[in-house]
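Here is a short walk through one protein model, strand by strand and then into its interior. Look at the sequence and the structure before reading on.

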Amino acid sequence: MGLARWMSDFQGSLEVEHHSAAVDGHEMHYWRAGTGPDLLILHGLLGTAAAWEDMAPRLAPDSTVYAIDALGIGRSERPPGIDSGLEAQADRVAQFMAAVGIPTADILATSHGGAVALMLAAKHPARVRTLILNAPANPFSDWSDSLIRFYQSPLGRWFAHRIPYLPEPVTAVALGRMYGDEKAAQNGELKRYMDSLRIPGTVDYVLSILSRWFEDMHSLESALERVRSFPALLVWGDQDRAVSLESGRRLQRFFDHSELIPLPGTGHLPSEECPGIFAHAINTFLIRSRAEREIGPKLVRKSGPAA
């Protein structure tokens with residue numbers, strides 16, 4: 001069930017199908033596009049699947065792309081009191097994959113979604129082929145800790161419920177922090193975030209994630225040894241002010257086979273700031289890792305990098 005619409009891009013037209021799947025007895029929205037091996041996208045704390053639709057034409061030629069809205073945000077159902085911890089979120093991603101018939105997938109995830117992806121790999125390793133992580137939330141970055149503690153306070157919770165109704169220039173300044181160039185925030189992106197936050201239950205969902213943030217980061221640190229064998233690509237804007245690039249270098253040590261790509265002049269949202277460069281890095285990694293599974297890493301290295 002769902003709605004299909006057409007998008008135009010530099011390669012022609014691409015069908016993006018919108019659907020929902022039953023997960024934990026609730027409706028989880030997702031979109032799907034393209035052909036090829038499955039690629040599953042997990043959005044960030046305030047993000048939604050819609051934020052990734054502009055990337056679909058760049059990723060879908062090489063992959064069947066699925067992008068989900070977590071229960072509690074975007075176009076998914078907002079069950080009151082839902083467990084929003086990392087382990088529960090990872091379990092629901094695994095349930096989603098079972099519901100729509102995805103045995104295993106490459107996982108592309110950003111920010112808080114990156115933490116969910118890491119927990120998914122640790123708890124449900126058979127569901128994950130590779131990890132492509134854009135500045136994932138992780139235990140080694142403390143740059144946002146003071147802000148998180150504020151939103152854990154009564155004043156912070158009160159303020160959070162008023163953010164969706166603040167004047168646009170104020171919210172634009174806050175969103176600008178996510179970009180390498182603070183003036184790069186687009187009105188369309190701002191509206192996308194605010195529209196989701198204005199739906200009753202969304203702010204409560206976000207606050208529930210923040211309420212157990214430090215507990216979840218501790219659990220994630222304990223789980224990292226279980227992700228060591230996964231091929232991983234870490235992509236980080238070198239002007240990221242939300243999750244430190246240095247924490248990415250520490251995180252990289254937990255993988256036996258990984259690559260860290262810093263993106264010059266880019267902040268926390270490369271899918272919006274430099275989508276072409278970002279997509280090229282993702283597709284190059286996927287082509288190489290898929291070839292290695294088919295013919296072996298030694299032969300791939302001998303024949304040179306994927307085009």
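Two strands count as paired when DSSP finds at least two bridges between them. The model shown here is a predicted one. With that rule in hand, strand β4 (residues 38–42) is a good place to begin. Four bridges join β4 to strand β6 (residues 105–110), and these two strands run parallel. Within this pairing, Leu-42 has Ala-109 of β6 as its bridge partner. Strand β5 (residues 64–68) is also parallel to β4 and is joined to it by five bridges. Here Leu-40 stands opposite Tyr-66.

How many of the five residues of β4 are buried? Five of the five are, so the strand is largely enclosed by the rest of the structure. In a regular strand the side chains alternate between the two faces of the sheet. In β4, Asp-38, Leu-40 and Leu-42 point one way, while Leu-39 and Ile-41 point the other way. Both groups are buried.

The next step is the interior. The largest nonpolar core has 71 residues, and Leu-40 and Leu-42 are among those that touch the most other members, along with Phe-96, Ile-107, Leu-118 and Leu-131. Helix α3 (residues 112–123) gives the most to this core, with eight residues.

Leu-131 can be followed further. Leaving aside neighbours within four places in sequence, Leu-131 is in contact with residues including Ile-107, Ala-117, Leu-118 and Ala-121. Its contacts also include Phe-230, Pro-231, Phe-255 and Phe-285. A second core, separate from this one, has 26 residues, among them Met-55, Ala-67, Val-235 and Leu-263.

Key
Residues numbered from 1 in each chain as written. Predicted model: local features only at pLDDT ≥ 70, side-chain atom pairs only at ≥ 80, totals over all residues. Heavy atoms only, no water. Buried < 20%, exposed > 50% of the residue type's maximum accessible area, 1.4 Å probe, protein only. Core = buried A, V, L, I, M, F, W, Y, C linked by side-chain atoms within 4.5 Å. Contact = heavy atoms within 4.5 Å.
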